[in-house]
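Here's a quick briefing to read alongside the viewer. Grab the sequence and the model, and we'll walk through the ligand shell first and the strands and helices after that.

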Amino acid sequence: TPLKVGICGATGAVGKEIVGVLETRGFPVKELHLFGSERSSGKVVETKWGKVEIEAFSVQKAREMDVVFISVSGDFSKEYAKAIAEGDDGAVVIDNSSAFRYDKDVALCVPEINADAARKNPNKVIANPNCTTAIGIMALFPLHKRFGLKKVIMSTYQAASGAGQEGMDELRDGAKEVVNSAEGTIAKNKIFAHPLPFNLIPHIDVFQDNLYTKEEMKVTWECRKIMDIPSLPVSCTAVRIPTFRAHAESIVVETEKPIKVDEARDLLAKSPGIALADEPANKKYPMPLTASKKYPVEVGRIRQNIVFGDHGLEFFVCGDQLLRGAALNAVLIAEALAEPVGKDFTPKL
Ligand code: 2RA
């Protein structure tokens with residue numbers, strides 16, 4: 001049955017993508033309500049369901065929805081998510097922030113992996129994972145099911161979109177400034193810790209006591225929770241690079257069972273949400289330019305890892321940060337809740 005759908009943060013980079021994913025997936029929308037700040041209220045957005053005016057957010061209005069996607073900030077979610085969901089007449093909330101991801105009674109869901117966790121969630125707030133985890137785990141989970149993961153080591157190359165529209169704008173404006181100015185000009189920065197154009201920054205989110213960043217620890221905490229392997233050793237180095245909207249990740253796994261490249265490649269080719277891009281001889285491998293604006297995560301450069309030998313695999317993944325890392329995953333969660341158990345979640349695009 002068609003649903004009343006609300007989006008909080010509808011004018012942000014992820015909010016806009018949620019509208020697009022609802023359209024292309026043919027999500028059953030009865031009414032679409034786009035909630036924004038006072039500043040953006042009154043603006044009109046063209047959608048498949050007609051023109052929709054941005055409304056100033058209120059808990060009461062959001063509670064009238066069947067499902068509400070929140071993509072604003074951790075503080076916004078902490079303040080409002082539970083109030084929107086509370087009681088039988090509240091809405092199901094799919095939250096894109098990290099506010100509740102590690103709570104015991106909140107499901108952290110990638111529908112191709114643990115849709116049931118969302119369906120059995122005792123709470124009406126469901127958490128969407130961090131983009132870095134959501135992208136890498138598409139390849140990690142099938143490998144885990146077949147070969148058993150023993151250790152995971154990841155290095156990431158993360159796009160500006162992870163910092164929202166303002167991050168992408170800072171990259172574009174800064175790059176223009178550098179190429180149009182005297183040699184040696186360095187771009188200004190506000191959103192990122194340092195200028196991003198023609199640079200890379202091994203610092204995303206805040207440093208923790210163990211000297212990892214929070215972005216890196218999110219990969220550890222979230223891989224464990226989503227795959228339900230509570231003590232899996234996962235280590236990540238997360239780096240911001242000057243690309244716009246696709247995150248790339250170099251991943252090494254050590255497995256319980258011996259793993260062969262051909263077997264892993266065949267398995268990954270058949271796994272949901274993955275597009276194999278693994279033809280080195282034809283210069284085909286995952287890249288931000290080819291993975292951007294696509295639903296599947298590209299996986300390639302698959303090879304036997306030299307350190308772990310016949311129990312080790314090394315590969316490269318690249319996925320659209322705004323889609324697989326946020327909007328697509330969130331809409332798939334809503335679909336998982338709306339559809340009967342056993343649906344095939346292979347993205348349609
Ligand atoms: C980033 N992972 O790339 C974050 C966004 N959620 O900054």
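Let's start at the ligand: by class, its shell holds three nonpolar, four polar and one charged residues. Keep in mind as you look around that this is a predicted model.

**Around the ligand**
- The residues to pull up are Asn130, Cys131, Thr132, Gln158, Gly162, Ala163, Ile204 and Glu215.
- Gln158 is one of the residues around the ligand, and strand S8 covers residues 149–158.
- Glu215 is also among the residues around the ligand, while helix H7 takes in residues 214–227.

**The annotated N-terminal span**
- UniProt, in an unreviewed entry, lists residues 4–121 as "domain: Semialdehyde dehydrogenase NAD-binding".
- In the model, that span is 32% helix and 27% strand, and its end C-alpha atoms sit 21 Å apart.

**Strands S2, S3 and S4**
- Strand S2 (residues 29–36) runs parallel to strand S4 (residues 50–56), and three bridges join the two.
- To find one of the contacts on S4, look at Phe35, whose bridge partner there is Glu55.
- S4 also pairs with strand S3 (residues 44–47), this time in the antiparallel sense, over four bridges.
- Val45 has Val52 as its bridge partner in S4.
- How many residues make up the hairpin between S3 and S4? Two residues carry the chain across from S3 to S4.
- As a reminder, strands of a sheet pair through backbone hydrogen bonds, either parallel or antiparallel.

**The six-stranded sheet**
- Six strands make an open sheet with mixed pairing, and the order reads S9-S8-S10-S13-S12-S11.
- Strands S9 (234–240) and S11 (274–276) are the edges: each has a single partner strand, so one side of each is left without a neighbour in the sheet.
- From one strand to the next, the twist averages 25°.
- Inside that order, S8 (residues 149–158) and S10 (residues 246–255) pair in the antiparallel sense, with eight bridges between them.
- For a spot to zoom in on, Val152 stands opposite Val253 in S10.

**Helices on the sheet**
- Helix H10 (residues 323–338) packs on the sheet and touches S10, S12 (297–304) and S13 (312–320).
- The direction of H10 makes about 65° with that of S13.
- Which strands does helix H7 (residues 214–227) lie across? They are S8 and S9, and H7 runs at about 140° to S9.

Methods
Residues numbered from 1 in each chain as written. Predicted model: local features only at pLDDT ≥ 70, side-chain atom pairs only at ≥ 80, totals over all residues. Near = placed C-beta within 6 Å. Nonpolar A, V, L, I, M, F, W, Y, C, P; charged D, E, K, R; others polar. Pairing = 2+ DSSP bridges. UniProt positions renumbered as here; feature names shortened; annotations may be inferred. Axes fitted to C-alpha atoms, helices over the stretch in contact; angles between N-to-C directions. Contact = placed C-beta atoms within 7 Å.
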